[in-house]
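Work through these exercises with the model open beside you. Try each task before you read its solution.

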Amino acid sequence: MNPLSRGLKCIKRSMRYGRRKKRETRRILPKKHPRENPMISNIQREIQQAIEKAKTIALISHKSPDGDSLGSVAGLGQALMETGKEVTLFINDKIPERYEFLAEKNPYRMYKKGMGEGMDLVFVLDCGQASRLDYSEGILNEGKVIINMDHHMKNPDFGHINWVNTEISSTCELVLELIRKLKLPLNHSVATALYTGIVTDTGSFMYDNTAPGTLRACAELLEAGVDKDRIYREVFQSRNLREVKLLGEVLKDLTPLFEGRVTLSSLSQQTLKNHDLDIQSLDELIDFTRDIAGVEISVVLKEMENGGTKIGFRSKGEYRVDSLARSFGGGGHEKAAGATVKTDLEETETSVKKALEELLK
Ligand SMILES: [Mn+2]
């Protein structure tokens, strides 16, 4: 090698070294995530003060519980228990089998009228509207202070303190943010409850509510000791055989409507009873019938025991179903929404078809 090229090589190496050094200096600076604001917001401070003042705290969520409602009640409830507060975790409906594992570590109690009487503080979690509390709506007048924490669009702020963030994946992610900011304990059972809600509300991270912050939240929960194998086994790999068989029957007769853009399935009480199932069963049917090529919207109607109908809507994104659900007195998200109506299965089917015709025009 001639001296000139050796010299050049030296310069190049030092330039490279210089660059590397610069990068290393940059790495020493604190990492900044857009959502990680070290300051606590006014709402968070209000919640903090309310918790500090309270001796007795109750938590409750909506009827027809899902992973996010059960997870947020258990996650925040356990974290508050750890701080020595007297905490009651209320439910107002049967826990679906797949979420029963959460009850092993979390003492859920079935709410009865009057049980919220005298509670210093009541957290209402994951409830897009007060009416989703169904018969337990009375708790809003029983507790002294009501905190409404949620991520649904058009939440009407029915609490004394309202923290609604529609950008966040789930109420469980919002609860984790509160735990972080208020420095509440995050043990593995809190983490497992919160992870359950995030994984189910994001459709296992498939839905577009999965943001960078969601995955950072999950990373933090995994570090806190989430038993994710248990969650997957219980929530996604424990289907009831009778349910799978009925699912097969329903799918066999499926006929898409509106040039194949919509699927609509109806389940009567009789059909459910014939298979020894209830209204909470077959909640995946709506995903199966949406995930068909060409289909944009899936609708599932379930007849309730009182004769009314539960409507579920799912969309791939071309059409919004939250407004559709609202036109039936319900609500939800752009791609996943629902409503409960008093009309019977047949009448509801007719009016849903009419509403879809308007939407798809
Ligand atoms: Mn939710």
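**Exercise 1. Find the bridge partner of Ala58 in strand 2, then place the two strands in their sheet.**

Solution. This is a predicted model.
Step 1. Ala58 has Thr88 as its bridge partner in strand 2.
Step 2. Strand 1 and strand 2 run parallel and are joined by 4 bridges.
Step 3. Look at the next neighbour of strand 1. Strand 4 also runs parallel to strand 1, again through 4 bridges. Here Leu59 stands opposite Phe123 of strand 4.
Step 4. Go outward from strand 2 (residues 86–91). It runs parallel to strand 3, with 3 bridges between them. Phe90 faces Arg109 of strand 3 across this pairing.
Step 5. Write the full order. The open sheet has 6 strands, arranged 3-2-1-4-5-6, with parallel pairing. Its edges are strand 3 (108–110) and strand 6 (161–164), each of which pairs on one side only. From one strand to the next, the twist averages 25°.

**Exercise 2. Which unit do strand 1, helix 3 and strand 2 make, and what is its handedness?**

Solution.
Step 1. Locate helix 3 at residues 67–82. It lies across strand 1 (56–60), strand 2 and strand 4 (121–125).
Step 2. Check direction. Helix 3 runs at about 170° to strand 2.
Step 3. Name the unit. Strand 1, helix 3 and strand 2 form a β-α-β unit, and it is right-handed.
Step 4. Ask how enclosed strand 1 is. Of its 5 residues, 4 are buried, so the rest of the structure largely encloses this strand.

**Exercise 3. Identify the residues that touch the most other members of the largest nonpolar core, then follow Leu194 to its contacts.**

Solution.
Step 1. The largest nonpolar core has 55 residues. Leu59, Ile60, Val122, Phe123, Leu194 and Tyr195 touch the most other members.
Step 2. Find the main contributor. Helix 7 (residues 188–201) supplies the largest share, 7 residues.
Step 3. Follow Leu194. Leaving out residues up to four places away in sequence, Leu194 touches Gly71, Gly75, Cys172, Val175, Leu176 and Leu221.
Step 4. Keep the other core apart. A second, separate core of 25 residues includes Leu285, Val321, Leu324 and Ala325.

**Exercise 4. At what angle do helix 6 and helix 7 pack, and which residues make the contact?**

Solution.
Step 1. Helix 6 (residues 171–181) packs on helix 7 at about 140°, and their axes are 7 Å apart.
Step 2. Classify the angle. Roughly antiparallel would need an angle over 145 degrees. The two helices are therefore oblique to each other.
Step 3. List the contact. Helix 6 brings Thr171, Cys172, Glu173, Val175 and Leu176. Helix 7 brings Leu194, Gly197 and Ile198.

**Exercise 5. Are the faces of strand 8 covered or open? Trace its pairings too.**

Solution.
Step 1. Count burial. In strand 8 (residues 297–303), 7 of 7 residues are buried.
Step 2. Split by face. One side carries Ile297, Val299, Leu301 and Glu303, the other Ser298, Val300 and Lys302, and both faces are covered.
Step 3. Take the parallel neighbour. Strand 7 (residues 262–267) joins strand 8 through 6 bridges. Thr263 stands opposite Ser298.
Step 4. Take the antiparallel neighbour. Strand 9 (residues 309–315) pairs with strand 8 over 7 bridges. Val299 has Phe313 as its bridge partner there.
Step 5. Inspect the turn. This hairpin has 5 residues between the strands, and Gly307 takes a positive phi near 95°.

Key: Residues are numbered from 1 along each chain as its sequence is written. This is a predicted model: local features need pLDDT of at least 70, side-chain atom pairs count only at pLDDT 80 or more; totals for chains, interfaces and linings use all residues. Two strands pair if DSSP finds at least two bridges between them. Axes are lines fitted to C-alpha atoms, for helices over the stretch in contact, and angles run from 0 to 180 degrees between N-to-C directions. Two residues are in contact if their C-beta atoms, placed from the backbone, lie within 7 Å. A residue is buried if 20 or more other C-beta atoms lie within 10 Å of its own, exposed if 12 or fewer, and partly exposed in between; C-beta atoms are placed from the backbone. A crossover is right-handed if, with the strands pointing away from the viewer, the path from the first strand over the helix to the second runs clockwise. A nonpolar core is a set of buried Ala, Val, Leu, Ile, Met, Phe, Trp, Tyr and Cys residues joined through C-beta atoms within 7 Å. Angles under 35 degrees count as roughly parallel, over 145 as roughly antiparallel, 65 to 115 as roughly perpendicular and the rest as oblique.
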